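Visitor: Please pick one strand and give me a close look at it, along with its neighbours. Then work outward from there, so that I can place it in the whole model.

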Amino acid sequence: MQVFEATTADNGIRADIFISQHYPQFSRSSMASLFSSGHICIDRLTLKPSYNIRVGDLVSVNESILNQQPPAIVLPIIYEDDEVLVINKPAGILSHSKGAINLEASVASFIKPGLDKELVSNRAGIVHRLDRKTSGIIITGKNQKSLDWLQKQFSARKTKKQYLAIVEGIPEPPEAIIDAPITRNPKKPQTFMVSSAGKPSQTYYSLMKSFQKANKSYSILELKPQTGRTHQIRIHLAYINHPVVGDNVYGNDGPNLMLHARSLELTLPNRQRRVFSAPIPKYFEEFQAE
């Protein structure tokens, strides 16, 4: 337990600001979990982030949550060398935590033991991300030099990403580029939407197969995003009225999000051009067979 006494300089400031000043290595948003879990108190009374600090207040902080580590997990490794690690991320696993306080296992926590000490943040080594419910290929850097190299590959659009999705209905035409700008949804800030005010976004799709199930039509699409906006494929497919099966944000809920990052082509830090592929999850086949 750590106790901080408020001075004249602290009088009137919010409790979350007061606490963040004593823990500069953590953002205010990441420290919010300390307040919500009752780990910050005055005289055993739990504080709210909006509480106005008074001179002489003795604010106690239970630091136990700050010292916890996420549980260990083992993820399928597709390729590894001295510079990079390529993983087949299972659906349900985060790419990285949202704040510096990370109590959930993620790709970032899995790769952390193998990183150079210079990479210390909660998303260290993560070059690009996949949504929690999306499975498939993700590449990470082991040191700052390799991380910079890979990030330039993505920002310069020198990578080639291929996804597989099962969507509702049968798209027409069977092959096209969805060219629709994407921006954050002001009504739901954690989601995004197509808007003329958004950033340019393009996704190529091609119909591979269509099938019937319970009197409904479904399609298997190959997708190649030309840009890398958050939720881009899911938003674009919902925009053309063919949402990804199991997309509870932009479509209809289901047990699995039928979206898989099947392959990634890029140039590694050793200057070798490589293509990495991840096997399709069994639930893709199970959905078609039901």
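Guide: Two strands count as paired if DSSP finds at least two bridges between them, and the strands themselves are DSSP runs, numbered from the N terminus. With that settled, a friendly caution: this is a predicted model.

Let's take strand S6, residues 84-89. Of its 6 residues, 6 are buried, so S6 is largely enclosed by the rest of the structure. The cut-off behind that reasoning is under 20% relative accessible area for a buried residue. In a regular strand the side chains alternate between the two faces of the sheet. In S6, Val-84, Val-86 and Asn-88 point one way, while Leu-85, Ile-87 and Lys-89 point the other way. Both sets are buried, and they include Asn-88 and Lys-89.

Now for the partners. Strand S5, residues 77-80, runs antiparallel to S6 and is joined to it by 3 bridges. The link between S5 and S6 is a hairpin, with 3 residues making the connection. To find your place in this pairing, look for Glu-80, which stands opposite Leu-85 in S6. Strand S7, residues 135-141, also pairs with S6 in the antiparallel sense, over 6 bridges. Here the landmark is Asn-88 of S6, which has Ile-137 of S7 opposite it.

Ile-137 is a good place to step off the strand, as it is part of the lining of the largest cavity. The structure holds 1 cavity of 30 Å³ or more, and about 50 Å³ of space lies in the largest cavity. Lining it along with Ile-137 are His-128, Lys-161, Gln-162, Tyr-163, Ala-261, Ser-263 and Leu-264. By class, the cavity lining has 4 nonpolar, 3 polar and 1 charged residues. Strands S8 and S14 each supply at least two of the residues in this lining.

S8 and S14 also take us on to an open space. Strand S8 (160-168) and strand S14 (259-267) each give at least two residues to the lining of the largest pocket, as do helix H4 (144-155), strand S13 (216-225) and helix H5 (232-239). The largest share of that lining, 4 residues, comes from S8. The volume of the largest pocket is about 1600 Å³. Its lining has 48 residues, and those closest to the pocket centre are Arg-129, Asp-131, Arg-229, Thr-230 and His-231. Sorted by class, the pocket lining comes to 14 nonpolar, 19 polar and 15 charged residues.

Let's go back along the chain, to what comes before S5. There you will find an open sheet of 4 strands, in the order S1-S4-S2-S3, with antiparallel pairing. Strand S1 (2-5) and strand S3 (45-46) are its edge strands, each pairing on one side only. Inside the sheet, strand S2 (residues 40-42) and strand S4 (residues 58-61) run antiparallel and are joined by 3 bridges. Ile-40 has Val-61 of S4 opposite it.

Helix H1, residues 15-22, belongs in this picture too. Ala-15, Asp-16, Phe-18, Ile-19 and Ser-20 of H1 are buried. The buried residues of H1 pack against S1, S2 and S4, and also against helix H2 (28-36).

Two loop residues make useful markers here. Ser-50 sits in the loop between S3 and S4, and its relative accessibility of 44% makes it partly exposed. Its C-alpha atom is separated by 31 Å from that of Ala-124, which is 74 residues apart from it along the chain. Ser-64 lies in the loop between S4 and S5, so this marker brings us back towards the partner of S6. With a relative accessible area of 35%, Ser-64 is partly exposed as well. The C-alpha atoms of Ser-64 and Lys-145, 81 residues apart along the chain, are separated by 34 Å.

Finally, the whole protein. It has 6 helices and 15 strands, and its C-alpha trace spans about 70 × 45 × 40 Å along the principal axes. Of its 290 residues, 49% count as buried, those of S6 among them. Among contacts between residues at least 6 apart in sequence, 63% join residues at least 24 apart. The accessible surface comes to about 15400 Å², and 49% of it belongs to carbon and sulfur atoms.

Technical notes. Residues numbered from 1 in each chain as written. Predicted model: local features only at pLDDT ≥ 70, side-chain atom pairs only at ≥ 80, totals over all residues. Heavy atoms only, no water. 1 Å grid on protein atoms, 1.4 Å probe; cavity = no way out; pocket = protein on both sides within 12 Å on 5 of 7 lines; lining within 4 Å. Points joined across faces, edges and corners; volume = space filled by probe spheres on them. Nonpolar A, V, L, I, M, F, W, Y, C, P; charged D, E, K, R; others polar. Buried < 20%, exposed > 50% of the residue type's maximum accessible area, 1.4 Å probe, protein only. Contact = heavy atoms within 4.5 Å. Areas by Shrake-Rupley, 256 points an atom, 1.4 Å probe, with all protein chains shown as cover.
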